[in-house]
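Biologist: I am new to this structure and should like to understand how its descriptions are justified. May I ask for the reasoning behind each term as we proceed?

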Amino acid sequence: MPEAGPTGEEVIQRQVGAGPDSTLLQRYETVEVSSAVIEILRHRVPDSFVGRFGDYRPSSEPLIGVGDTLTVSIYEAGAGGLFSPPLSTDHFTGSKNATIPEQVVGRDGAISVPYAGRIKVEGQTPRDVQTRIEKALTGKAIEPQALVTVSRSVSNSVTVTGEVVAGARVPLTVKGDRLLDVIATAGGVRGPVHDTFVQLSRGRATVSLPLSKVVADPRENIYMRPGDIVTLVANPQVILAYGATGRNAEIPFDTTGISLARALAKMGGLLDNRSDASGVFIFRYEPEYIARRLRPDSTLIQPGRMMPMVYRLDMSDPNAFLLSQNFPMFNNDLVYVSNSPSTELQKVLGLAATIISPTASTAGSVAYAVK
């Protein structure tokens, strides 16, 4: 008979199937939902910015890097020096200065200063560079003093892109800037906060977190570091509903989360004439640390890999309604409600009635004609 999916018994029995070489292989693990299982799932926490990257305020004075634009002004104590006009009693008013045109820090990490040569500036603070220039000009200029300013910083900036009003490279201030600060500087988020994820890439590590989590938990609003890449992604959360439910569809929910009870309500509940109340299943992949707590002896557990898991809830037990209120759902979970065994009998009887009815009608017509 046609089927929309496996029965409840088949879901349990077929967790072990035949492999390519006809050997039996474990394909997924089944777990009966209980209070103990729900307590373990409470520890399935999303990634954390502060947990992965930590949170510290950068140094009070940013370091100069390759690509930054610097302006150097040099002051002398008297006239007639390298950077001051000749002595003139009519016009001399005291110390003189000269401003060197803006320079971009080269790939060698240095800039050029007249009469001082190439000055190494990469990894230095503006104050350190001032001292280096003054030392290089000692004996050449008249009591030189230098003033170095970073007119445009590339190395001390954060790239903000994705679902923002204006993607930009946001320079970091001396005060220190947190994640929400740089997002606000880039114009803020285009879409709803509850449908937006923040993806932070730092070095080789990338962590994604709901923006609503960052807004609700100040600890996740960490300080930015030079070179960070912040990408805002519109990613509506959905649950997939299949089987004997009132609605087979993608069920959206916001990033604050949803329980199984609410998910079942959104998908129209179980169908009275089709569903097997004891056959409510949740298909998902669990991280290794959760899988080890649920099935420590499973052969499917592999370090760093997600493990296929099927949870079963018997809704014919009134306690299941309480459990479903606390069972957490996650993005792309698949909820499947199997057909009741009596549904197959109804299909057979319906098919038989379809076959018999035309025959009986034809026989009746023939008998009436003979009579």
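**Reasoning from the model**

Modeller: An open sheet of three strands is found here, in the order S5-S4-S8, with antiparallel pairing. Please bear in mind that the model is predicted.

Biologist: What makes strands S5 and S8 the edges of the sheet?

Modeller: Strand S5 (96–104) and strand S8 (145–152) each have a single partner strand, so one side of each is left without a neighbour in the sheet. From one strand to the next, the twist averages 15 degrees.

Biologist: How do you know that strand S4 and S5 pair?

Modeller: Two strands pair if at least two bridges are found between them. Strand S4 (residues 69–76) is joined to S5 by seven bridges, so the pairing criterion of at least two is met. The two strands run antiparallel. Ser 73, for example, has Thr 99 in S5 as its bridge partner.

Biologist: Which helix lies across S4 and S8?

Modeller: That is helix H4 (residues 126–137), which runs at about 140 degrees to S8.

Biologist: Why is Thr 71 called buried?

Modeller: Thr 71 has a relative accessible area of 16%, and buried means under 20%; therefore Thr 71 is buried. Its place is in strand S4. Apart from residues up to four places away in sequence, Thr 71 touches Thr 99, Ile 100, Glu 102, Leu 147, Val 148, Thr 149 and Ser 151.

Biologist: Why does Tyr 115 count as exposed?

Modeller: The relative accessibility of Tyr 115 is 51%, and exposed means over 50%, so Tyr 115 counts as exposed. Tyr 115 is found in the loop between strand S6 (110–113) and strand S7 (117–120).

Biologist: What is the phi of Tyr 115, and why is its sign worth noting?

Modeller: Most residues other than glycine have a negative phi. Tyr 115 is not a glycine, yet has a positive phi of about 70 degrees. Asn 332, also not a glycine, has a positive phi of about 70 degrees; Asn 332 lies in the loop between strand S19 (328–329) and strand S20 (334–339).

Biologist: Which residues of the largest nonpolar core touch the most other members?

Modeller: Of its 34 residues, these are Ile 239, Tyr 311, Phe 327 and Met 329. Leaving aside neighbours within four places in sequence, the contacts of Ile 239 include Ala 249, Ile 251, Phe 253, Met 329 and Val 335. A second, separate core has 21 residues, among them Phe 49, Leu 200, Leu 211 and Val 214.

Note on methods. Residues numbered from 1 in each chain as written. Predicted model: local features only at pLDDT ≥ 70, side-chain atom pairs only at ≥ 80, totals over all residues. Heavy atoms only, no water. Helix = DSSP H or I, 4+ residues; strand = E, 2+ residues; numbered from the N terminus. Axes fitted to C-alpha atoms, helices over the stretch in contact; angles between N-to-C directions. Contact = heavy atoms within 4.5 Å. Buried < 20%, exposed > 50% of the residue type's maximum accessible area, 1.4 Å probe, protein only. Core = buried A, V, L, I, M, F, W, Y, C linked by side-chain atoms within 4.5 Å.
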